[in-house]
Amino acid sequence: LRFTDPEIPAYQQFDDVDLALWSYPGIAFCVKTGLMSGTDAHTFAPHAVTTRAQIVQILYNLEGEPEVSGTTPFTDLTADWYKTAVLWAYQTGVTSGVSETTFAPDTPVTREQVAVFLARFADRVLDRYTPYMWDALFPFQDREQISYYARTAMNWACDLGLIKGIPGPGGLRLEPQSSATREQMAVMIARFCRRLNVWNEPMPEL
């Protein structure tokens, strides 16, 4: 479902997006490039959560929606719109699901899971993943809350500046277990495209 016209600036299309949003450059980039669309014709829902199906669809869009064939072992893929993207992500190694037979498409994606998805995409699809050898997590107050499996990816994402932390009492927080909002997702995807030079064209600073 595409509710979005890339030719029209995001702030003109969506009633809930305006130029003053901290996330506006990221939203504008993702809408213009067709990586993200509205939840309907006039709504982007910047504060709504991003689901696991949505992030896989975004990455599939980013790769140019290649043709795939075959099946996944996942028994919980109920909606048609994301099935091709999940199959692609499974076959490329971008995702292995949450268990051997479940993908949990409608579950909100956490901020640390976003880092893992992006790291695997950089590695398996772009072949541009270099783990960061030093500690980029030290400045963040809640770094201990990162799951063990996500630490390397979060360290990489923080080093690249894909995740810059959320100001709070006592300093910056990563909030790794929090659901990634759609505006956070847009900004992280735009930063990812910029830092890994996914398109060879000038991109906004974020």
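Is Glu-175 buried, exposed or partly exposed? In this predicted model, Glu-175 has a relative accessible area of 27% and is therefore partly exposed, since the class lies between the limits of 20% and 50%. The protein comprises seven helices and two strands, and 46% of its 206 residues count as buried. The points below treat the overall form, two of the helices, the aromatic pairs and the surroundings of Glu-175.

**Overall form**

- Along the sequence, the secondary structure elements of the protein follow the order α-α-α-α-α-α-β-β-α.
- The radius of gyration of the protein is 17 Å, which agrees with the value near 17 Å that a compact globule of 206 residues would have.
- Taken along the principal axes, the box filled by the C-alpha atoms is roughly 45 × 40 × 30 Å.
- Among contacts in the protein with a separation of 6 or more, 71% are between residues 24 or more positions apart.

**Surface and charge**

- The exposed area of the protein is about 10300 Å², and carbon and sulfur atoms supply 51% of this area.
- The protein has 16 positive and 24 negative charges, and the mean positions of these two sets are 6 Å apart.

**Helix α2**

- Helix α2 spans residues 24-32, and its buried residues are Tyr-24, Gly-26, Ile-27, Phe-29, Cys-30 and Val-31.
- These buried residues of α2 pack against α1 (10-13) and α7.
- Gly-34 follows α2 and has a positive phi, near 80 degrees.

**Helix α3**

- Helix α3, formed by residues 52-62, is mostly covered, with 10 of its 11 residues buried.
- The buried residues of α3 include Arg-52, Gln-57 and Asn-61 as well as Ile-55, Val-56, Ile-58 and Leu-59.
- The cover over the buried residues of α3 includes α4 (83-92), α5 (111-125) and α7 (182-195).
- Gly-64, just after α3, takes a positive phi of about 90 degrees.

**Aromatic pairs**

- The count of aromatic pairs in the protein comes to 11.
- In one of these pairs, the ring centres of Trp-156 and Phe-192 are 6.4 Å apart and the planes stand at 70 degrees, so the arrangement is edge-to-face.
- This pair links distant parts of the chain, as Trp-156 belongs to helix α6 (residues 151-160) and Phe-192 to helix α7, 36 residues apart.
- Trp-156 and Phe-192 are both buried.
- Ring pairs also join Trp-156 and Phe-192 into a cluster with Tyr-60, Trp-88, Phe-121 and Tyr-129. Tyr-60 of this cluster is among the buried residues of α3.

**Surroundings of Glu-175**

- Glu-175 is placed in the loop between β2 (171-173) and α7.
- Apart from neighbours within four places in sequence, the residues in contact with Glu-175 are Arg-111, Asp-142 and Ile-166.
- Arg-111 is 64 residues from Glu-175 along the chain, yet the C-alpha atoms of the two are separated by 7.1 Å.

Definitions and conventions: Residues numbered from 1 in each chain as written. Predicted model: local features only at pLDDT ≥ 70, side-chain atom pairs only at ≥ 80, totals over all residues. Heavy atoms only, no water. Buried < 20%, exposed > 50% of the residue type's maximum accessible area, 1.4 Å probe, protein only. Helix = DSSP H or I, 4+ residues; strand = E, 2+ residues; numbered from the N terminus. Contact = heavy atoms within 4.5 Å. Rg over C-alpha atoms; globule rule 2.2 N^0.38 Å. Areas by Shrake-Rupley, 256 points an atom, 1.4 Å probe, with all protein chains shown as cover. Lys, Arg positive; Asp, Glu negative; His and termini not counted. Charge placed at Lys NZ, Arg CZ, Asp CG, Glu CD. Phe/Tyr/Trp six-rings, centres within 6.5 Å; stacked < 30°, edge-to-face > 60°.
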